[in-house]
Amino acid sequence: MSLRSQLLKGILDGCVLAVIEKEPVYGYELSKKLQEFGLSDVSEGTIYPVLLRLQKNGLIRGEMQPSESGPNRKYYHLTEEGKASLDMIASEWQQIVEPVHTLFKGRNLQ
Amino acid sequence: MKAKQLIEENNKKREQLTPENEKYYSDMLIYIRLQLTLSEQQSEEVLMEMLDHLLDGQNEGKSARDIFGDDPKGYADEIIQNLPKEQKRSVIPFIMGIVLNLLSWMLMIRGVVIPIASQLNKEDVSSSVYLYPTLLTFAVIIGSVAFGVWYIFRIIKQSLFNEKASEKKDMVKAGVFGAVAMGLVIAVTMFMPEFGPSFHFSWWASLLTGGVLWLVVFLFKKFEVWFK
């Protein structure tokens, strides 16, 4: 596994929660949006085990609804617990990103 | 949507897959459905999501391998690991239902066979029931059914995600098991000595008990469905 995908694996739950917080999405939309945000390393199928785990832990809730294109799709909504968890992940992330960013400052990044 | 509806819809939608994608997806589908301790509803929901995703991807020229990766078994294991377990409550009635159903059919068959055999033999066939031998025979039947289910599941599991799997060989394996189990049950009923306490159980009482039991199991299943 590349370093980038390892780093991504740790924060993927947070990314998925953040996309769902903006608006309810179904699986295919979610993978499209993650890629639009630049997380192209997330292979499409990866999201389903993540969605199942988040659902099992009560952070998101799935609901069958008709989609824009017509057929029923399972749309995911953020729960209250999910919101709290996302806040926590975001603040933890902040505490890592800032020092790491300072440490790496001035290096020649390509 | 209920699991049963999802299964029907899944069957219809799968027809739109290309042969290659169909093989890849169906292996995962069977593998996940074989996990009997998982919530059926949740399993069918995620299977439907994966199928919808695959169909959308297929329209954009992507293959199942592009979407779910090169290791379908590993991927399916990850799905299984994250699916919630079904509460034991619904597993026990399921097994009880099978055992009672089997018992009801045995009672009804006995009720039909005794008068017919008596007619053919021109003399009365004994309608006494020896408690211990009957219980032993029943245990052997239940045991071979349970073993058969386990064995056939194993054959199916081994054939999944396997390019070299041979359907013919698997059929022979299942057939041999069926013959051996049948032979075992017949041998046990033929050679079981009569011992222990016995009681008289006439053919019509047997038929009646079997019929009532069957009806109870049948109604209970309907009843349970209504409450779900």
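The largest nonpolar core of this predicted model has 42 residues, and V16(A) and I20(A) make the most contacts inside it. Elements of both chains build this core: α1 (3-22), α2 (27-36), α3 (47-56) and β2 (72-78) of chain A each give two or more residues, as do α2, α3, α4 and α5 of chain B. Once neighbours within four places in sequence are left aside, V16(A) is in contact with L30(A), I47(A), V50(A) and L54(A).

**Confidence of the prediction**

For the complex, the predictor reports an ipTM of 0.87 and a pTM of 0.76. Values for the individual chains are tabulated below.

| Chain | Mean pLDDT | Residues with pLDDT of at least 70 |
|---|---|---|
| Chain A | 90 | 97% |
| Chain B | 88 | 96% |

Within chain A, confidence is highest in α3(A), at 95, and lowest in strand β1 (residues 60-66), at a mean of 89.

**Chain A**

Chain A contains four helices and two strands. Along the sequence these elements follow the order α-α-α-β-β-α. Taken along the principal axes, the C-alpha atoms of chain A fill a box of roughly 50 × 30 × 25 Å. Of the 110 residues in chain A, 31% are buried. Contacts in chain A between residues at least 6 apart in sequence include 53% that join residues at least 24 apart.

**The contact between the chains**

Chain A contributes 13 residues to the contact with chain B, and chain B contributes 18 residues. On the chain B side, α3 (40-59), α4 (64-68) and α5 (72-82) each supply at least two residues. The largest share of that side, eight residues, belongs to α3(B). Sorted by class, the side of chain B that touches chain A comprises nine nonpolar, four polar and five charged residues. The helices α3, α4 and α5 of chain B that supply this side also give residues to the nonpolar core described at the outset.

**The two domains of chain B**

The domain assignment divides chain B into domain 1 (3-82) and domain 2 (91-227). The C-alpha centres of these two domains of chain B are 35 Å apart. Their contact involves six residues from domain 1 of chain B and five residues from domain 2 of chain B. On the domain 1 side, α2 (19-33) and α5 of chain B are the elements that give two or more residues. Here α2(B) gives the most, with three residues. The domain 1 side of this contact holds four nonpolar residues, two charged residues and no polar residues.

**Helix α2 of chain B**

Helix α2(B) thus gives residues to the side of domain 1 that touches domain 2 and also to the nonpolar core. With 15 residues at 1.5 Å each, α2(B) should span 21 Å, and the end C-alpha atoms are indeed 21 Å apart, so the expected and modelled spans agree. The buried residues in α2(B) are N21(B), Y24(B), Y25(B), M28(B), L29(B) and Y31(B). These buried residues of α2(B) pack against α3, α4 and α5 of chain B.

**F161(B) in the loop between α7 and α8**

F161(B) is located in the loop between α7 (131-159) and α8 (167-191) of chain B. Although F161(B) is not a glycine, its phi is positive, at about 55 degrees. The residue counts as partly exposed because 18 other C-beta atoms lie within 10 Å, whereas a buried residue would have 20 or more and an exposed residue 12 or fewer. Not counting residues up to four places away in sequence, F161(B) touches D27(B), P72(B) and K73(B). In space, the C-alpha atoms of F161(B) and K73(B) are 6.7 Å apart, while in sequence the two residues are separated by 88 residues.

Technical notes
Residues numbered from 1 in each chain as written. Chains lettered and ligands numbered in written order. Predicted model: local features only at pLDDT ≥ 70, side-chain atom pairs only at ≥ 80, totals over all residues. Contact = placed C-beta atoms within 7 Å. Nonpolar A, V, L, I, M, F, W, Y, C, P; charged D, E, K, R; others polar. Domains from an automatic or database assignment. Core = buried A, V, L, I, M, F, W, Y, C linked by C-beta atoms within 7 Å. Buried ≥ 20, exposed ≤ 12 C-beta atoms within 10 Å, placed from the backbone. pLDDT = per-residue confidence, 0-100. Expected span 1.5 Å × (residues − 1).
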